[in-house]
Amino acid sequence: MTFIVKPLVTEKMTKITDKSSVDKQLRALNPAAAQRLGAKEEKISYTVKSKNKGERQKEKTIFTYTKPACRKYGFIVKPEANKLEIKKEIEELYNVTVLDVNTIKYAGKRQSRYTRAGLLRGQKNAYKKAIVTLKAGDEIDFYSNI
């Protein structure tokens, strides 16, 4: 049974994908975490101004590491699909490794408009959106079969 309705290739989703596809420089909170993450030690020097003692030079040690980029892609899926089924289907369809699946349910919104015939009322469809995080280095090309 197929659960994926269509991939989301909107401007907003493209911004999320572009933002998540860049390696990030982060700081470790403490030396123990820095050792576990393989962080590099850097020393930063700065000046501190005080009223009674004037200016003083201080030095601080920080630990920085690089978090690899994990691309994110959006899909509109059937409302009855769960995260495990979505993950399995995307791995089969696109031959990638899925790390994480986040789902969001959107309710159908009521719409009305005035026309010459009178007031028309209706409702937009409810849908479910899945944001899929892929393993570093994996990529989905939606435009390859055009």
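**Exercise 1. Pairing in the sheet**

Find out in which sense S6 and strand S9 (residues 127-134) pair, and over how many bridges.

*Solution.* Keep in mind that you are looking at a predicted model.
- Step 1: Follow S6 alongside S9; the two pair in the antiparallel sense, over eight bridges.
- Step 2: Pick out one bridge as an example: Tyr106 has Tyr127 in S9 as its partner.
- Step 3: Now place this pair in its sheet, an open one of four strands with antiparallel pairing and the order S1-S5-S9-S6.
- Step 4: Look for strands that pair on one side only; these edge strands are strand S1 (4-8) and S6.
- Step 5: Finally, check the twist: on average, and ignoring direction, neighbouring strands of this sheet are turned by 30° against each other.

**Exercise 2. Helices on the sheet**

Work out which strands helix H1 (residues 11-20) touches, and which strands H3 lies across.

*Solution.*
- Step 1: Start with H1, which packs on the sheet and touches S1, strand S5 (72-77) and S9. The direction of H1 makes about 145° with that of S5.
- Step 2: Turn to H3, which lies across S1, S5, S6 and S9 and runs at about 125° to S6.

**Exercise 3. The two faces of H3**

Which residues of H3 are buried, and which exposed residues does the face turned away from them carry?

*Solution.*
- Step 1: Check the length of the helix. H3 has 12 residues and spans 16 Å from first to last C-alpha, close to the 16 Å expected at 1.5 Å a residue.
- Step 2: Look for residues under 20% relative accessible area: Ile86, Glu89 and Ile90 are buried in H3. These residues lie on the same side of H3, because they cover an arc of only 100° around the axis.
- Step 3: See what they meet: the buried residues of H3 pack against S1, S5, S6 and S9.
- Step 4: Look at the face turned away from the buried side, where you find the exposed residues Leu84, Lys88 and Glu92.

**Exercise 4. An unusual backbone angle**

Is Asn95 buried or exposed, and what is the sign of its phi?

*Solution.*
- Step 1: Locate Asn95 in the loop between helix H3 (83-94) and strand S6 (98-106).
- Step 2: Exposed means over 50%, so Asn95, at 68% relative accessibility, counts as exposed.
- Step 3: Recall that most residues other than glycine have a negative phi. Asn95 is not a glycine, yet its phi is positive, about 55°.

**Exercise 5. The salt bridge**

Which side chains meet in a salt bridge?

*Solution.*
- Step 1: Side chains of opposite charge can pair when their charged atoms come close.
- Step 2: The structure holds one salt bridge; the side chains of Lys43 and Glu41 form it, at 4.0 Å from N to O.
- Step 3: Lys43 and Glu41 are both exposed.

Note on methods
Residues are numbered from 1 along each chain as its sequence is written. This is a predicted model: local features need pLDDT of at least 70, side-chain atom pairs count only at pLDDT 80 or more; totals for chains, interfaces and linings use all residues. Side-chain values use heavy atoms; hydrogens and water are left out. Buried means under 20% relative accessible area, exposed over 50%, partly exposed in between (1.4 Å probe, protein chains only). Two strands pair if DSSP finds at least two bridges between them. Axes are lines fitted to C-alpha atoms, for helices over the stretch in contact, and angles run from 0 to 180 degrees between N-to-C directions. Contact means heavy atoms within 4.5 Å. The expected span of a helix is 1.5 Å times one less than its number of residues. The arc is that of the directions from the helix axis to the C-beta atoms.
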